[in-house]
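Colleague: Before I read anything into this structure, I would like to go through the terms one by one and hear what stands behind each of them. Could you take me through it slowly?

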Amino acid sequence: MKIVRFQYAGEVRYGVHEDDSVRLAEGTPFSGWKLVDERVAPGEVRLLAPCEPSKVVCIGLNYVDHAAELNMALPDEPLMFLKPPTAVCGPGDTIVYPAMTGNLHYEAELGIVIGGRAKDIPEDEALGCVLGYTCANDVTARDLQARDGQWTRCKSFDTFMPLGPCIETVFEPDNAAIRLTLNGEERQSSNISNFIFKVPRLVSFVSQVMTLLPGDVIITGTPPGIGPMERGDSVRVEIEGIGALENPVG
Ligand code: MG
């Protein structure tokens with residue numbers, strides 16, 4: 001099931017993308033909802049980020065092929081940082097190039113969307129806390145990352161967390177192609193089977209640090225091939241089985 005959040009007839013609604021239409025729902029998948037018997041054409045809705053996280057928990061180095069590219073040893077445990085909810089934007093929204101940076105990078109990532117409150121979850125129960133999965137772009141001001149020595153500023157500008165286009169609830173989170181194109185040219189290509197830490201480990205690990213709330217998102221690290229974006233570019237993250245998230249840079 002592909003859950004979408006969108007603007008339609010002046011309201012923000014949830015629904016499900018079915019075949020060639022969007023079926024509307026009452027309520028939200030996080031607080032209780034039901035699908036109603038009303039369908040609209042996809043062109044009649046404006047897709048939004050598929051959830052409204054209270055926080056986005058980001059995982060650093062998590063692909064064996066990216067670690068090899070960087071000549072780095074594999075980490076013993078996940079490295080975490082946060083993005084604020086104000087960084088979130090949706091499909092088609094412009095990633096705003098901040099005046100403070102001269103080196104804006106893309107990072108294609110799988111996003112895990114949490115379905116219910118989760119604290120101290122064991123690994124073998126972790127997938128039960130997950131509503132589904134989405135595409136994410138961990139936009140980063142690479143020069144500020146090096147200059148600051150910690151990552152709050154470089155990861156947190158408004159629009160630095162594109163999410164979408166949907167929350168796919170039927171997805172096996174251990175084998176799916178992930179790809180990023182910039183202006184149609186492939187820049188990143190890997191498979192989530194290359195994760196150093198798998199999804200159950202990540203959800204369990206994060207939940208031992210902070211309570212995860214419905215709609216929170218964990219983004220899971222990026223594969224090799226990170227690089228710069230310029231104003232006027234169009235950046236697209238594609239994950240097999242989920243869809244594509246495309247954003248202009250302006
Ligand atoms: Mg990242």
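Modeller: Let me begin with a term that we shall need at once: a nonpolar core is a set of buried Ala, Val, Leu, Ile, Met, Phe, Trp, Tyr and Cys residues joined through side-chain atoms within 4.5 Å. Please keep in mind throughout that this is a predicted model. In its largest nonpolar core there are 74 residues, and the members that touch the most others are Leu110, Ile218 and Ile239. Strand S10, residues 108-114, gives the most to this core, with five residues.

Colleague: How do you know that this core lies between domain 1 and domain 2?

Modeller: Both domain 1 (2-47) and domain 2 (56-248) give residues to the core, and therefore it lies between them. The C-alpha centres of the two domains are 25 Å apart, and the contact takes seven residues from domain 1 and 15 residues from domain 2.

Colleague: Which residues is Ile218 in contact with, leaving aside its neighbours within four places in sequence?

Modeller: Contact asks for heavy atoms within 4.5 Å, and with those sequence neighbours set aside, the partners of Ile218 include Val57, Ile59, Leu110, Gly111 and Ile112. Leu202, Val203 and Val206 are also among the residues that Ile218 contacts, and these three appear again among the buried residues of helix H4.

Colleague: What makes helix H4 mostly covered?

Modeller: A residue is buried when its relative accessible area is under 20%, and in H4, which spans residues 199-207, seven of the nine residues are buried. They are Val199, Leu202, Val203, Ser204, Phe205, Val206 and Ser207. What covers them includes strand S6 (56-59), strand S7 (80-83), S10, strand S11 (130-137) and strand S16 (217-219).

Colleague: What makes Glu107, Glu109 and Asp138 donor residues of the magnesium ion?

Modeller: The cut-off for a donor atom at this metal is 2.8 Å, and the OE atoms of Glu107 and Glu109 and the OD of Asp138 coordinate the ion at 2.0 to 2.1 Å, which means that they meet the cut-off. Along the sequence these donors follow the spacing E-x1-E-x28-D.

Colleague: Why are Glu107 and Glu109 called buried?

Modeller: The limit is under 20%; Glu107 has a relative accessibility of 7% and so counts as buried, while Glu109 is buried with a relative accessible area of 1%.

Colleague: And why is Ala9 called exposed, whereas Asp120 is called partly exposed?

Modeller: Exposed requires over 50%, and partly exposed lies between that value and the limit for buried. Ala9, with a relative accessible area of 68%, is therefore exposed, whereas Asp120, at 48%, counts as partly exposed. Ala9 sits in the loop between strand S1 (2-8) and S2 and has a positive phi of about 50 degrees although it is not a glycine. Asp120 belongs to the loop between S10 and S11, and its phi, near 50 degrees, is likewise positive in a residue other than glycine.

Colleague: How do you know that strands S2 and S3 pair?

Modeller: Pairing needs at least two bridges, and four bridges join S2 (residues 11-18) to S3 (residues 21-28), which run antiparallel, so the condition is met. Gly15 stands opposite Leu24 in S3. The two strands form a hairpin with two residues between them, and Asp19 in the turn has a positive phi of about 45 degrees. By the same condition S3 pairs with strand S4 (residues 32-40), in the antiparallel sense and over six bridges; here Arg23 is opposite Arg39, and Glu26 has Lys34 as its bridge partner.

Colleague: What makes S15 and S19 the edges of their sheet?

Modeller: That open sheet has four strands in the order S15-S14-S18-S19, with antiparallel pairing. Strand S15 (185-191) and strand S19 (243-248) each have a single partner strand, so one side of each is left without a neighbour in the sheet. From one strand to the next the twist averages 15 degrees. Inside that order, S14 (residues 177-182) and S18 (residues 234-239) pair over five bridges, and Thr181 has Arg236 as its bridge partner in S18.

Definitions and conventions. Residues are numbered from 1 along each chain as its sequence is written. This is a predicted model: local features need pLDDT of at least 70, side-chain atom pairs count only at pLDDT 80 or more; totals for chains, interfaces and linings use all residues. Side-chain values use heavy atoms; hydrogens and water are left out. Donors are N, O and S atoms within 2.8 Å of the metal (3.2 Å for Na, K and Ca); water is not among the atoms, so sites may look incomplete. Buried means under 20% relative accessible area, exposed over 50%, partly exposed in between (1.4 Å probe, protein chains only). Axes are lines fitted to C-alpha atoms, for helices over the stretch in contact, and angles run from 0 to 180 degrees between N-to-C directions. Domain bounds come from an automatic or database domain assignment.
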